[in-house]
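Colleague: I would like to go through the labels used for this model and hear the reasoning behind each one.

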Amino acid sequence: MTIPATPTLPSSPPEVGATVVHRRYVPYSHAHYAGNLVDGAYSLAAFGDVATEMCIRTDGDEGLFASYSDVQFCAPVRAGDCLEITCTLVRVGSRSREMDFAVRVVARGMPDRGASAAELLDPPVVATTARGVVVVPERRDV
């Protein structure tokens, strides 16, 4: 495999409305509090992961987080949960990218029903939301 000497930028500028989705299982090793609760920093780290992919897709660079605003912890995240993390591009500046984030619990472990029991949640539970700003290097379209 040959790696190009110069990274290739995406062919078009970033578009408002672009969305990235990750899914992940929350292992029991991440339980931090009684009741297998996971700390809020877990959601923020997941937001960083989807923002990184968004920047790679839109700008060919991982970007750097500048700020979060309006972080809301709406429902608990627990070990044994399956999460869906979304990132939607809401504003494109010359170097800044503003994004909306959400963590939804799409499945939850049910240890009271058995050691490996779990259920899908319909509808998913919105656990965490936020808005964030990421900065990327100046775009140099050819």
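Modeller: Start with E84, and note that the model is a predicted one. E84 belongs to strand β3, residues 82-92, and touches V21, H22, R23, A102, V103, R104 and V106, leaving out residues up to four places away in sequence.

Colleague: Why is E84 called buried?

Modeller: Its relative accessibility is 16%. Buried means under 20%, so E84 counts as buried.

Colleague: What makes the pairing of the E84 and R23 side chains a polar contact?

Modeller: The distance is 2.8 Å, and the cut-off for a pair of N or O atoms is within 3.5 Å. The contact joins the side chains of E84 and R23.

Colleague: How do you know that G132 is buried?

Modeller: The relative accessible area of G132 is 1%. The limit is under 20%, so G132 is buried. G132 lies in strand β5, residues 118-135. Its contacts beyond four places in sequence are F65, S67, Y68, R97, E98, M99 and F101.

Colleague: How many aromatic pairs are there?

Modeller: The count comes to 5. One of them is F47 with Y68, at 6.5 Å centre to centre and 50° between the planes.

Colleague: Why is the pair of F47 and Y68 called tilted?

Modeller: Planes under 30 degrees apart would be stacked and over 60 edge-to-face, with the rest tilted. The angle here is 50°, so the F47 and Y68 pair falls under tilted. The pair links distant parts of the chain, with F47 in helix α1 (residues 41-59) and Y68 in strand β2 (residues 64-73), 21 residues apart.

Colleague: Which labels do F47 and Y68 get for burial?

Modeller: F47 has 0% relative accessibility and therefore counts as buried. Y68 has 31%; partly exposed lies between under 20% and over 50%, so Y68 is partly exposed.

Colleague: What makes F65 and F101 a tilted pair?

Modeller: Their planes are 40° apart and their centres 5.9 Å apart. The centres must lie within 6.5 Å, and an angle that is neither under 30 degrees nor over 60 counts as tilted, so both conditions are met for F65 and F101. This pair also links distant parts of the chain: F65 is in strand β2 and F101 in strand β4 (residues 96-109), 36 residues apart.

Colleague: And is F65 buried or partly exposed?

Modeller: At 32% relative accessibility, F65 counts as partly exposed, whereas F101, at 3%, is buried. F47, F65, Y68 and F101 form one aromatic cluster.

Notes: Residues are numbered from 1 along each chain as its sequence is written. This is a predicted model: local features need pLDDT of at least 70, side-chain atom pairs count only at pLDDT 80 or more; totals for chains, interfaces and linings use all residues. Side-chain values use heavy atoms; hydrogens and water are left out. Helices (H or I, at least four residues) and strands (E, at least two) are DSSP runs, numbered from the N terminus. Buried means under 20% relative accessible area, exposed over 50%, partly exposed in between (1.4 Å probe, protein chains only). A polar contact is a pair of N or O atoms within 3.5 Å; within protein, one must be able to donate a hydrogen and the other to accept it, and residues adjacent in sequence count only if both atoms are side-chain atoms. Contact means heavy atoms within 4.5 Å. Rings of Phe, Tyr and Trp (its six-membered ring) pair if their centres lie within 6.5 Å; planes under 30 degrees apart count as stacked, over 60 as edge-to-face and the rest as tilted.
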